[in-house]
Amino acid sequence: MSEYFSLADCDVIGFDLDHTLCRYHLKETSRLIYESLARYLVEHKGYDKDLLNLTPATWDFCFKGLVVDLEDGNLVKLAEDGTIMRVTHGTINLSTEEIIKHYGPKREWKHFNSLNTSFTRSAKYYLYDNYFDLPGALLCGRAVDMMHKVNSDFWKDMVAAIEHNYNTSAFKEDTGTYFPSVKRDPGRYLQPCSDSVKTWLHSMKNAGKVLLLITSSHSDYCRLICEHILGKDFEELFDVIITNALKPGFFSLVPQQRPFRTLINDVEESEGLPSLDKPGWYSQGNWLHLHELLKTMIGKPEPKVVYFGDSMRSDMFPASSFGKWETVMILEEMEGEGVPKSDAAMSNEAQVEPLEKKGKFESPSAASNQWGSYFVDIHKSEGGDEEIQKLTWCSHCIHKYCTMAIPSVEHIADLPLDYKFPRFSPDKPCTTGYYPRPPDSLLKSFTVCILVTLK
């Protein structure tokens with residue numbers, strides 16, 4: 001395999017929608033998501049009304065990559081080897097001594113092997129790994145804070161709140177808090193794609209690339225987003241659009257595959273399709289049937305596919321492991337660690353609020369004081385007399401399952417299609433694979449490693 005990656009070498013360019021092609025105004029969207037879930041818990045499940053009250057400082061708790069242990073209400077940050085780096089009970093930090101008392105001197109999290117090898121959902125834990133999840137992590141922590149004793153009902157209530165607000169009929173029926181708010185004022189939550197991104201998409205189409213859009217959002221919400229960020233003619237950009245893809249299940253192997261379904265007025269046909277025989281807009285489906293269609297469209301037995309997404313669990317891991325696709329992770333945390341925002345992103349934000357605001361309340365992708373770096377952290381020994389720097393589990397997964405990582409598609413939209421990006425590789429330093437440059441914590445960690453080696 002080449003140590004470089006180029007879009008020019010790919011036959012098919014695929015995109016997730018939320019937080020990939022579509023960048024949200026995170027401050028407004030995060031508040032809306034939190035409110036939509038918290039309001040349900042208060043109004044339908046009898047939770048304390050104080051759950052609805054947030055201060056700007058509260059948002060510092062939001063951190064991608066946390067795992068909530070549903071048996072004890074602890075939220076954990078994991079190192080690459082599965083040992084625990086930081087823990088809270090609810091939103092309250094556990095000390096090193098408390099961590100060791102709870103998890104033992106090796107600080108091992110008992111469900112790590114299950115999470116690390118399959119990323120499957122579990123009745124024992126839940127991984128918060130995308131921006132739609134983050135307000136839920138904060139709500140989960142605060143709900144645990146208000147309990148005298150954690151019980152399994154709290155997670156059932158959380159799931160019910162999600163179902164109430166985001167089930168496939170909620171958009172059409174105007175139920176819950178989230179969809180009615182976005183429909184009423186989409187510009188408050190959605191950032192239009194820059195002209196450079198639109199030109200980039202057209203240039204790939206003109207270069208003969210097949211363009212895919214694969215999203216777990218339902219067709220009606222997908223249409224609202226795409227019309228706002230790309231324009232009314234967005235369907236002309238994509239050869240195949242797949243909504244309600246139910247990732248990561250979309251990449252499941254036999255016999256768990258779901259058939260593709262056609263849509264009539266945003267309603268799925270009851271009978272599934274035995275195969276895909278032409279481009280178009282479909283619902284649900286599976287990557288093997290899509291792969292057969294792509295072989296026909298491209299005229300190659302193994303078309304080369306790259307997929308852009310923001311979720312390790314739903315996008316990167318399954319597309320890489322099962323689809324054998326190239327994968328580009330959208331990682332806004334890079335912007336929280338010294339990587340400059342693109343000019344287009346800066347322009348969009350300037351229209352919403354002053355640029356000097358940098359905290360988690362204004363940008364949930366900013367660094368967290370409570371949780372530290374997304375990429376690297378310190379592992380403290382009992383008594384705190386020894387500190388070992390380790391990659392986080394999230395950082396390890398990026399290196400393992402991604403071809404490269406970028407803060408946003410805007411960062412590469414002005415580059416020629418044959419631009420050669422250094423790819424992640426086990427033979428290369430952990431700083432290789434991030435474009436336009438690695439995050440500060442990885443650069444610092446790599447420099448420290450070199451100095452220690454030289455000594």
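Me: Before we start, buried means under 20% relative accessible area, exposed over 50%, and partly exposed in between. This is a predicted model, so what makes R142 count as buried?

Reply: R142 has a relative accessible area of 13%. The cut-off for buried is under 20%, so R142 is buried.

Me: And what makes D50 partly exposed?

Reply: D50 comes out at 36%. That falls between 20% and 50%, so D50 gets the middle label, partly exposed.

Me: Why is the pair D50 and R142 called a salt bridge?

Reply: The closest N and O atoms of D50 and R142 are 3.8 Å apart. The limit is within 4 Å, so the pair qualifies. D50 sits in the loop between α1 (26–45) and β4 (66–69) and R142 in helix α4 (residues 134–145), so the pair ties together parts that are 92 residues apart in sequence.

Me: How many salt bridges does the structure hold?

Reply: It holds 28 salt bridges. Among the residues involved, R23, E332, E335, K341 and E410 are linked in a network.

Me: What makes K183 and D174 a salt bridge, and are those residues buried or partly exposed?

Reply: Their side chains meet at 3.0 Å, N to O, so they satisfy the within 4 Å rule. K183 has 31% relative accessibility and D174 has 44%. Both values lie between 20% and 50%, so both residues are partly exposed.

Me: Which parts does the salt bridge of K247 and D315 tie together?

Reply: The N to O distance for K247 and D315 is 2.7 Å. K247 lies in the loop between β11 (240–243) and β12 (260–261), and D315 in helix α12 (residues 312–321), so this pair ties together parts that are 68 residues apart in sequence. K247 and D315 are both buried.

Me: On to the domains. Where do they lie in the sequence?

Reply: Domain 1 is 1–22 + 190–454, and domain 2 is 26–184. Their C-alpha centres lie 23 Å apart. The contact takes 47 residues from domain 1 and 51 residues from domain 2.

Me: How do you know what area domain 1 and domain 2 bury between them?

Reply: The size of an interface is often given as the accessible area lost when the parts come together. Here domain 1 and domain 2 bury about 4600 Å², with 59% of it on carbon and sulfur atoms.

Me: What polar links does the rule find across that interface?

Reply: Four salt bridges turn up across the interface of domain 1 and domain 2, and 24 residue pairs are in polar contact there. The elements giving two or more residues to the side of domain 1 that touches domain 2 are α10 (219–229), α12, β18 (376–380), β19 (387–391) and α14 (393–401). By class, that side of domain 1 has 19 nonpolar, 15 polar and 13 charged residues.

Me: What makes K77 and D377 a salt bridge?

Reply: K77 and D377 meet at 2.8 Å, N to O. With the cut-off at 4 Å, the pair is therefore a salt bridge.

Me: Last one: why is E326 called buried, and what does its side chain join?

Reply: E326 lies in strand β17 (residues 326–330). Its relative accessible area is 12%, and buried means under 20%, so the label fits. The side chains of E326 and T403 are joined by a polar contact of 2.6 Å, which is within the 3.5 Å limit. Leaving aside neighbours within four places in sequence, E326 is in contact with F5, K304, V305, V306, Y307, T403 and R423.

How values were computed:
Residues numbered from 1 in each chain as written. Predicted model: local features only at pLDDT ≥ 70, side-chain atom pairs only at ≥ 80, totals over all residues. Heavy atoms only, no water. Helix = DSSP H or I, 4+ residues; strand = E, 2+ residues; numbered from the N terminus. Buried < 20%, exposed > 50% of the residue type's maximum accessible area, 1.4 Å probe, protein only. Domains from an automatic or database assignment. Contact = heavy atoms within 4.5 Å. Buried area = accessible area lost by both parts, 1.4 Å probe. Polar contact = N/O pair within 3.5 Å; in protein donor to acceptor, adjacent residues only side chain to side chain. Nonpolar A, V, L, I, M, F, W, Y, C, P; charged D, E, K, R; others polar.
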